[in-house]
Amino acid sequence: MPKKSYRPHKKLNLDEIEYVVYCRKSTDDWDRQVQSIADQINRCVEYAQQNKLTIAQRPSDFAVFETAKDIRDEANEQDEFNKSIYNQYRHLYIIKEKESGKVPYIRPKRRELIKRVQSGQVKGIISYSPDRQARNMLEWWEIITLVDEGQVDLKYTNFHFENNASWKMMLWFWFVFAKQYSDNIAESIARWNRGTMERWKHMGD
């Protein structure tokens, strides 16, 4: 396997960054992440306003992130809060992902976002929480490498992060414990399912 070249760290001009909002809520989020996509958007926009950060305008080449069907579905959203958030902020560069984050490299919108970071089109990402961006160590390593190379600045509404060794270590701990928690929940559910099946089998005997 060829060794990946490492580009030395360069300083981003944080005052000139226009941030992209990345939200994720998948059907497998049976753990702590109960925040809806709309709630995550609202929190991220409020965070940007409070911290005087600029969210980029929605680009013209946005079909990979949002289709006409997505827009129709949001227009027919039954929850009035969700609908109002979608309509209010549709002009902004907001990516809404619905694929699971547990398996590496299967989220198409995240893959496209990473490509745009690597090409220099995106230099800042705001998310509700670190585990909205990655719930596996491969994708975590990928995004931290981009931080190390000075290609992207990360902001979270519920976790303070700076691009230095101490905060990268704290972010690593966050990912490790989040993954451990997720794995423990999955194991507990699997045990409960096996136990339930066994009880049903005995009842049928």
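# A tour from strand S3 outward

Start by selecting Cys23 and Lys96: Cys23 stands opposite Lys96 in S3. The model on screen is predicted.

**Strands S1 and S3**

Now show the whole of both strands. Strand S1 covers residues 18-24, and its pairing with S3 is parallel, over four bridges. Strand S3 itself runs over residues 94-97. Colour its side chains by direction: Ile94 and Lys96 point one way, Ile95 and Glu97 point the other way, and all are buried. In a regular strand, side chains alternate between the two faces of the sheet.

**The two cysteines**

Keep Cys23 selected and add Cys44. How far is the sulfur of Cys23 from the closest cysteine sulfur? The distance is 4.8 Å, to the sulfur of Cys44, and that is too far for a bond, because a disulfide requires the two sulfur atoms to lie within 2.5 Å. The count of disulfides by this rule is zero. Seen from the other side, Cys44 is in no disulfide either, with the sulfur of Cys23 as its nearest cysteine sulfur. Cys23 has a relative accessible area of 0% and is buried. Cys44 also counts as buried, at 0% relative accessibility.

**Helix H1 and Arg43**

Move to Arg43, which is placed in helix H1, residues 37-50. Is Arg43 buried or partly exposed? Its relative accessible area is 34%, so Arg43 is partly exposed. Add Tyr128 to the selection. Arg43 and Tyr128 are 85 residues apart along the chain, yet their C-alpha atoms are separated by 6.8 Å.

**Salt bridges**

The structure holds 15 salt bridges. Select Glu74 and Arg90 for one of them: their side chains meet with an N to O distance of 2.6 Å. Glu74 belongs to helix H2 (residues 68-75), while Arg90 sits in the loop between helix H3 (80-88) and strand S3, so the pair ties together parts that are 16 residues apart in sequence. Glu74 is buried, at a relative accessible area of 10%. Arg90 counts as buried too, with 18% relative accessibility.

Next, select Arg116 and Glu112. They form a salt bridge in which the closest N and O atoms are 2.9 Å apart. Both residues lie in helix H4 (residues 108-118); they are four residues apart there, so about one helical turn separates them. Arg116 is buried, and Glu112 is buried as well.

Then go to Lys155 and Asp153. In this salt bridge the closest N and O atoms are 3.6 Å apart. Lys155 and Asp153 are both buried. Finally, select Arg58, Glu66, Glu74, Arg90 and Lys96 together: salt bridges with shared partners join these residues into one network. Lys96 is the residue opposite Cys23 from the opening stop.

**Helix H6**

Select residues 137-148, which make up helix H6. Its 12 residues, at 1.5 Å a residue, should span 16 Å, and the end C-alpha atoms are 16 Å apart, which agrees. How many of the 12 residues in H6 are buried? The number is nine, so the helix is mostly covered. The buried residues are Glu139, Trp140, Glu142, Ile143, Ile144, Thr145, Leu146, Val147 and Asp148. Step past the end of the helix to Gly150, which follows H6 and has a positive phi, near 70°.

**Helix H7 and a nonpolar patch**

For the last local stop, select Met170, in helix H7 (residues 165-204). Met170 is partly exposed, with a relative accessible area of 40%. Add Met169, Trp172, Phe173 and Phe177, and turn on the surface. Together with Met170, these residues make a nonpolar surface patch of about 490 Å².

**The whole chain**

Clear the selection and colour by secondary structure. The protein has seven helices and five strands. Along the sequence they follow the pattern β-α-β-α-α-β-α-β-α-α-β-α. Colouring by accessibility gives the overall balance: buried residues make up 44% of the 205 residues in the protein.

Note on methods:
Residues numbered from 1 in each chain as written. Predicted model: local features only at pLDDT ≥ 70, side-chain atom pairs only at ≥ 80, totals over all residues. Heavy atoms only, no water. Patch = residues over 30% accessible without salt bridge, like charges linked within 9 Å, V, L, I, M, F, W, Y side chains within 5 Å. Areas by Shrake-Rupley, 256 points an atom, 1.4 Å probe, with all protein chains shown as cover. Salt bridge = Lys/Arg side-chain N within 4 Å of Asp/Glu carboxyl O. Helix = DSSP H or I, 4+ residues; strand = E, 2+ residues; numbered from the N terminus. Buried < 20%, exposed > 50% of the residue type's maximum accessible area, 1.4 Å probe, protein only. Expected span 1.5 Å × (residues − 1). Pairing = 2+ DSSP bridges.
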